[in-house]
Amino acid sequence: MSTTGSTSAVAGVARVAVAFHSGYGHTAKQAEAVAAGAASVPGTTTDLVPLDELTEDVWERLTAADAIVFGAPTYMGSPSWVFKKFAEESVRVWAADLAWRDKIAAGFTNSKAMSGDKLNSLVDLAVFAAQHGMIWVGLDIYPGWAESTASIEDLNRLGSWLGAMAQSDADLSAEKAPPATDLRTATALGARVATVTHRHLRGALAA
C-alpha cells in the first residue's frame with residue numbers, strides 16, 4: 001500500500017507541485033495561476049517545477065509532492081515534445097512500484113486556437129497520470145460564454161472539464177496572453193486540486 005502523503009496528513013499540510021513545460025511563456029503564466037490558486041487554500045505549499053531539464057532535483061521535488069498538476073502547450077494536437085520526453089522518462093518512477101500511486105493529479109494546456117485540439121492534450125495528461133496510478137481531478141465549473149447573454153470574461157469560457165484550457169493569440173507575448181479569464185480558470189483548478197488533496201490526506205490519515 002502506498003504511504004504517499006502520510007507525513008503531510010499528520011502535519012496538516014498539502015504539497016502541490018505544478019510540473020510544466022512552456023514554449024513561449026504563455027503556459028508558464030497558466031502554471032503560475034494554478035500555483036496561486038492552490039496556495040490560496042490554507043495549509044497548502046506549492047512548487048513550480050519546470051520540465052526543461054530533467055535533473056534529479058526535479059524528480060525529488062515531484063516525489064515529495066502530494067499532488068502534481070501537469071501542464072504543457074498543445075502543439076500539433078498533443079502536448080509538446082519536451083513534456084512527452086518527461087512522460088517517457090518517468091518510467092523510472094513507474095518501475096519503482098508506481099511511486100506516484102495515489103497522488104492527486106490534474107492538468108492544463110494552452111494553444112493559439114480556440115480549440116486547437118486541446119482536449120486531446122488533456123486526455124494524454126490524464127492517461128499519463130492513470131498509468132502512474134494517480135487520482136485525476138478535473139474542473140467543476142459550468143461552461144462560460146455559452147449563452148447569448150454570457151461574456152468572454154466568464155470562467156471556463158472554453159468549456160473544459162477534464163482540465164483547464166487557455167487560448168493565447170499567436171501575435172501576443174506572454175505579458176498579454178492568455179487572457180485574465182483563462183488565468184482565473186487555472187487559478188480555480190489549482191484551488192480545487194488543493195482542496196481535494198487536503199480531503200484525500202485527511203481520509204488517508206483516518207484510514
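## Fold content

Over residues 16–194 the chain is 37% helix and 21% strand. The C-alpha atoms at the two ends of this stretch lie 7 Å apart. The model is predicted. UniProt lists residues 16–194 as "domain: Flavodoxin-like", in an unreviewed entry.

## The largest pocket

The largest pocket holds about 330 Å³ of space. Its lining consists of 20 residues. Closest to the centre are Tyr24, Tyr75, Asn110, Ser111 and Lys112.

Three elements each give two or more residues to this lining: helix 2 (26–39), strand 3 (67–75) and strand 5 (104–111). Strand 3 gives the most, with three residues. By class, the lining of the largest pocket has 11 polar, seven nonpolar and two charged residues.

## Salt bridges around Arg61

The whole structure contains nine salt bridges. One of them pairs Arg61 with Asp47, with the closest N and O atoms 2.8 Å apart. This pair links distant parts of the chain. Arg61 sits in helix 3 (residues 56–64), Asp47 in strand 2 (residues 44–50), and 14 residues separate them in numbering. Arg61 has a relative accessible area of 25%, so Arg61 counts as partly exposed. Asp47 is also partly exposed, at 24% relative accessibility.

Arg61 has a salt bridge with Asp57 as well. Here the closest N and O atoms are 3.1 Å apart. Arg61 and Asp57 are separated by about one helical turn, because they are four residues apart in helix 3. Asp57 is partly exposed, with 39% relative accessibility. Salt bridges with shared partners join Asp47, Asp57 and Arg61 into one network.

## A link between helices 3 and 5

Glu56 forms a salt bridge with Arg92. The closest N and O atoms of this pair are 3.0 Å apart. Glu56 is in helix 3, and Arg92 is in helix 5 (residues 91–95). The two residues are 36 apart along the chain, and their pair links distant parts of it.

Are these two partners buried or exposed? Neither label fits, because buried means under 20% relative accessible area and exposed means over 50%. Glu56 has 46% relative accessibility and counts as partly exposed. Arg92 is partly exposed too, with a relative accessible area of 40%.

Methods: Residues numbered from 1 in each chain as written. Predicted model: local features only at pLDDT ≥ 70, side-chain atom pairs only at ≥ 80, totals over all residues. Heavy atoms only, no water. 1 Å grid on protein atoms, 1.4 Å probe; cavity = no way out; pocket = protein on both sides within 12 Å on 5 of 7 lines; lining within 4 Å. Points joined across faces, edges and corners; volume = space filled by probe spheres on them. Nonpolar A, V, L, I, M, F, W, Y, C, P; charged D, E, K, R; others polar. UniProt positions renumbered as here; feature names shortened; annotations may be inferred. Salt bridge = Lys/Arg side-chain N within 4 Å of Asp/Glu carboxyl O. Buried < 20%, exposed > 50% of the residue type's maximum accessible area, 1.4 Å probe, protein only.
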